[in-house]
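Trainee: I've got a new structure to look at, and I'd like to talk it through. Could you help me find my way around?

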Amino acid sequence: MNIYRGISRMSRITSCYNRCRWLHNSSPHHQLSHSSPFKSPMEPFEKVLGCRVIYPWISRPFSSGGPQPQYDRSSVEDQVDPFSLVADELSIVANRLRSMVVAEVPKLASAAEYFFKMGVEGKRFRPTVILLMATALNVQISKPASEGVVDMFSTELRLRQQSIAEITEMIHVASLLHDDVLDDADTRRGIGSLNFVMGNKLAVLAGDFLLSRACITLASLKNTEVVSLIATAVEHLVTGETMQMSTSAEQRSSMDYYLQKTYYKTASLISNSCKSIALLTGQTTEVAMLAYEYGKNLGLAFQLIDDVLDFTGTSSSLGKGALSDIHHGIVTAPILYAMEEFPELRTVVDRGLDDPANVNLALEYLGKSHGIQRTRELAAKHASLASAAIDSLPENDDEDVQRSRRALIELTHRVINRTK
């Protein structure tokens, strides 16, 4: 497969490189002095300067001023609906997921399928990303003497790629079940959380059961590199949750530490799943890393917007309680940015967010800071880096490939502009 095609291709790559370099080098001011004891798998993060915009919040009567930032979109004719594009295939994956979580013990089966039922499945964001990536990285197969061999190979490859989507979703849902137990949550996706409905013990066992099913499916792929990638993602989920539970005062005030934890908890699973798709497709190391970079930056952007919505959203739009993180003593990007502007806020946080008075005071500082705006700016930066990774993929004239790549870029816009 010829990856680089002449001068026009080189020009395109140079343009993408310059775009990424500008994003990394922009806004060099307001650097954090805090350092993380963890070595980050990501490049250093620069802070992004925000405009003087105060967002109106649902929970507090803050004044607002200035327009909400507008992010560049591709032209209207290039836009596609990522979810509609893989809707039929998502239905197949969803049906297979429901059949995979059947257990001999009826109560365990009911618990395991709790978030796989019709109506509470969510957007299936991760399987959508993975299925789109599978098509976006499609390689041209040289036709042998019998075209039936090509068809059989393509079908087998697609089934293996669908397995990655199923594995990823089972791991994700298992992590939600375990997180809800740890957080003592009572709602998830707009309904009662499994631990609230069936108890902590069954919720933990259901999560373990999903992980075991994911392992069985993963082993059936018989690809040691893919097994290693997904196993690493599971390890990162545990590491990230542990980091969140056991932070020191210094770590709690560090953006580096926060971003490392966010990578482990959210971005690692998406990035390693995207890389797994590339490996199963037979792509080069360079292309596999571009798939990884897309998933990493998309995952970081997704979580950063989640952190914003925790302050600006409502319980009905989020499907869980608003202000959930701060009420659990979790310091996220908006508060970290507010600390930069108001160092006295760190004293409030250090006193403990288990005290409602400290929570209210922290919200007041956040309301008069640029924390929300700057978090949105950082999310937009990572979304742009994800788009640049797709732009840098080898050229492919296939219409399905091009459409899927546009859909992956469209997803980056939807992630940073979503309201729930």
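Mentor: Sure, let's go through this predicted model one question at a time.

Trainee: Okay, how many helices and strands does the chain have?
Mentor: Begin with the secondary structure, which gives you the labels we'll use later on. Counting along the chain, you get 19 helices and two strands.

Trainee: And what share of the residues counts as buried?
Mentor: A residue counts as buried when its relative accessible area is under 20%. Apply that to the 420 residues of the chain and the share comes to 54%.

Trainee: Which helix gives the most residues to the largest nonpolar core?
Mentor: In general, nonpolar side chains tend to be buried together in soluble globular proteins. Here the largest nonpolar core has 86 residues, and Phe125, Met133, Tyr294, Ile326, Ile335 and Leu345 touch the most other members. Twelve of the core's residues come from one helix, spanning residues 285-312, and that top contributor is helix α12.

Trainee: What does Tyr294 touch, leaving out residues up to four places away in sequence?
Mentor: Tyr294 is among the core residues that touch the most other members, so it's a good one to click on. Leave out those sequence neighbours, and its partners are Val129, Met133, Ala386, Ala389, Ile390, Leu408, Leu411 and Thr412.

Trainee: How many residues are in the other core?
Mentor: Look apart from the largest core and you'll find this one. Val101, Leu108, Phe115 and Val181 are among its members, and its size is 18 residues.

Trainee: On to charges: how far apart in sequence are the parts that Arg414 and Asp81 tie together?
Mentor: The structure holds 15 salt bridges, and in one of them the side chains of Arg414 and Asp81 meet at 3.2 Å, N to O. Arg414 sits in helix α19, while Asp81 is in the loop between α1 and α2, so the bridge ties together parts whose separation in sequence is 333 residues.

Trainee: Is Arg414 buried, exposed or partly exposed?
Mentor: Buried needs under 20% relative accessible area and exposed needs over 50%. Arg414 has 32% relative accessibility, so it counts as partly exposed.

Trainee: For the salt bridge between Arg96 and Glu166, which helices hold the two residues?
Mentor: Their side chains meet at 2.6 Å, N to O. Glu166 counts as buried at 2% relative accessibility, whereas Arg96 is partly exposed at 26%. The pair ties together parts that are 70 residues apart in sequence, because Arg96 and Glu166 lie in helices α3 and α6.

Trainee: How many residues apart are Arg403 and Glu399?
Mentor: This pair also forms a salt bridge, at 4.0 Å from N to O. Arg403 and Glu399 both lie in helix α19, with a spacing of about one turn of the helix, and that spacing is four residues.

Trainee: Which residues are linked in a network of salt bridges?
Mentor: Here we're looking past single pairs. The members of this network are Glu250, Arg252, Arg346 and Asp350.

Trainee: Last one: which residue's backbone oxygen does the side chain of Ser175 reach?
Mentor: Ser175 is found in helix α6, and with 14% relative accessibility it counts as buried. Its side chain reaches a backbone oxygen at 2.6 Å, and that oxygen belongs to His172.

Conventions:
Residues are numbered from 1 along each chain as its sequence is written. This is a predicted model: local features need pLDDT of at least 70, side-chain atom pairs count only at pLDDT 80 or more; totals for chains, interfaces and linings use all residues. Side-chain values use heavy atoms; hydrogens and water are left out. A nonpolar core is a set of buried Ala, Val, Leu, Ile, Met, Phe, Trp, Tyr and Cys residues joined through side-chain atoms within 4.5 Å. Buried means under 20% relative accessible area, exposed over 50%, partly exposed in between (1.4 Å probe, protein chains only). Contact means heavy atoms within 4.5 Å. A polar contact is a pair of N or O atoms within 3.5 Å; within protein, one must be able to donate a hydrogen and the other to accept it, and residues adjacent in sequence count only if both atoms are side-chain atoms.
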